[in-house]
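Have the model open in your viewer, and let us walk through it together. We will begin with the whole chain and then visit a few places in it.

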Amino acid sequence: MKVAVMTDNNAGIKPDEAQKLGIYLVYTPIIIEGEVFYQGKNITEEEFYQQLAGDKDMSTSMPAPGDVMDLWDKLLKEYDEVVYIPLSSGLSNSCHAAIQFAEDYEGKVQVVDDHRISVTMRQSVLDAKWMADQGKSASEIKQALERNAYNSVIFLTVEDLKYLKKGGRVTPAAAALGAVLNIKPVLTTVGGKFDAIEKVRGMKKSVSKLLDYSEEYMKQLKAEHNIEKIRIGAAGSFRKQEDADAWLNQVKERFSDVTDIYYDPLSLVVGTHTGPEAVGIGVSVILRDK
């Protein structure tokens with residue numbers, strides 16, 4: 001049984017990396033002033049954040065249904081089945097749409113709703129690829145990922161609330177008050193909308209709180225899972241590599257008992273809503289062996 005693993009670029013897996021891993025990608029469009037762009041194809045991270053800083057009109061959409069099904073059809077000429085892991089159904093309609101489209105494929109396409117995004121979604125994709133290589137069927141992979149879906153969390157804080165305001169995540173009044181008082185929210189999600197769990201003054205304190213919440217969640221996971229099965233993804237929308245490196249080192253210092261910690265930039269789709277200089281942590285229980 002040959003099973004192809006497919007995802008969208010909200011998992012943060014870049015085209016060259018996907019090719020090396022044997023993972024297939026569809027792209028989520030970013031619309032800037034009416035023009036459509038795709039991360040890794042016709043816009044770089046630097047170009048994107050320049051546009052974002054210039055207050056350009058930006059929005060995002062789900063991958064085109066035709067692109068998704070065209071790739072399914074192409075893959076099924078080479079593979080027996082396809083596992084497709086789209087962005088969480090709590091954050092986009094793309095998952096529900098894909099589930100409907102897959103009904104015409106007589107079980108050969110399994111769409112996974114594992115309620116993840118960014119670094120935690122990346123873990124699901126890597127787990128799926130590992131299971132496919134072990135000979136698991138598409139249905140078995142889907143079931144395993146969905147059972148493990150909520151053994152993950154993302155904590156996030158942002159430098160500027162205006163981007164969340166644009167996306168309707170905070171009210172204009174709250175964004176204005178936050179700018180005046182230097183208020184930074186600590187946000188969290190397990191696959192739905194980002195909820196503010198605390199609001200503090202100053203980015204430094206907000207990042208410290210983010211680490212505290214992540215550590216508390218880690219304690220819960222360690223009570224139920226082997227530490228070797230826990231992976232941490234430091235994430236961010238940094239414009240300078242040294243800032244990303246500094247954040248990764250800060251996370252490693254706090255979680256010295258976790259051996260598997262890495263940094264991954266937030267996808268540009270996520271960056272549209274968080275703005276530049278956002279800081280995040282994703283904690284996941286992984287299924288694959290080390």
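What follows goes from the overall fold to one helix pair and then to some single residues.

Please keep in mind that this is a predicted model. The protein chain contains 11 helices and 13 strands. Along its principal axes, the C-alpha trace spans about 55 × 50 × 30 Å. How does the radius of gyration agree with that of a compact globule? For 290 residues, a compact globule would have a value near 19 Å, and the protein chain has 19 Å, so the two agree.

The burial and contact figures add to this picture. Of the 290 residues in the protein chain, 53% are buried. Among contacts with a separation of 6 or more, 75% are between residues 24 or more positions apart. As for the outside, the accessible surface of the protein chain comes to about 13,400 Å², and carbon and sulfur atoms account for 48% of that area.

Now turn to a pair of helices. Two packed helices are described by the angle between their axes and by the distance between those axes. Here the pair is helix 5, residues 118–133, and helix 6, residues 138–147, which pack at an angle of about 145° with their axes 10 Å apart. Their crossing is right-handed. Which residues bring helix 5 and helix 6 together? From helix 5 come Ser124, Asp127, Ala128, Met131 and Ala132, and they meet Ile141, Ala144 and Leu145 of helix 6. Sorted by class, this contact has six nonpolar residues, one polar residue and one charged residue.

Asp127 of helix 5 also leads us to the segment after strand 13, where arginine 288 is found. Leaving aside residues up to four places away in sequence, arginine 288 touches Asp127 together with Gln123, Leu126, Trp130, Lys229 and Arg231. Is arginine 288 buried or exposed? Its relative accessibility is 18%, and because buried means under 20%, arginine 288 counts as buried. If you would like a distance to check, the C-alpha atoms of arginine 288 and glycine 135 are separated by 13 Å, although the two residues are 153 residues apart along the chain.

Backbone angles are worth a look as well. Most residues other than glycine have a negative phi. Glutamate 106, however, has a positive phi, near 50°. This residue lies in the loop between helix 4 (94–102) and strand 7 (109–111), and it counts as exposed because its relative accessibility is 72%. Glutamate 277 also has a positive phi, near 65°. You will find glutamate 277 in the loop between helix 11 (268–274) and strand 13 (279–285).

Another loop, between strand 9 (183–189) and strand 10 (195–201), holds lysine 193. With a relative accessible area of 67%, lysine 193 is exposed. Even so, lysine 193 touches Gly90, Leu91 and Thr188, not counting residues up to four places away in sequence. From lysine 193 to tyrosine 217, the C-alpha to C-alpha distance is 19 Å, with their positions 24 residues apart in sequence.

Our last stop is glutamate 35, in strand 4 (residues 35–37). How exposed is glutamate 35? Its relative accessible area is 48%, so glutamate 35 is partly exposed. Glutamate 35 and proline 63 are 28 residues apart in sequence, and their C-alpha atoms are 15 Å apart in space.

Terms used:
Residues are numbered from 1 along each chain as its sequence is written. This is a predicted model: local features need pLDDT of at least 70, side-chain atom pairs count only at pLDDT 80 or more; totals for chains, interfaces and linings use all residues. Side-chain values use heavy atoms; hydrogens and water are left out. Axes are lines fitted to C-alpha atoms, for helices over the stretch in contact, and angles run from 0 to 180 degrees between N-to-C directions. Helices (H or I, at least four residues) and strands (E, at least two) are DSSP runs, numbered from the N terminus. A crossing is left-handed if the near helix is turned anticlockwise from the far one by less than a right angle, and right-handed if clockwise. Contact means heavy atoms within 4.5 Å. Ala, Val, Leu, Ile, Met, Phe, Trp, Tyr, Cys and Pro count as nonpolar, Asp, Glu, Lys and Arg as charged, and the others, Gly among them, as polar. The radius of gyration is taken over C-alpha atoms; the globule rule is 2.2 Å times the number of residues to the power 0.38. Buried means under 20% relative accessible area, exposed over 50%, partly exposed in between (1.4 Å probe, protein chains only). Accessible areas come from the Shrake-Rupley method with a 1.4 Å probe; for residues, only the protein chains shown count as cover.
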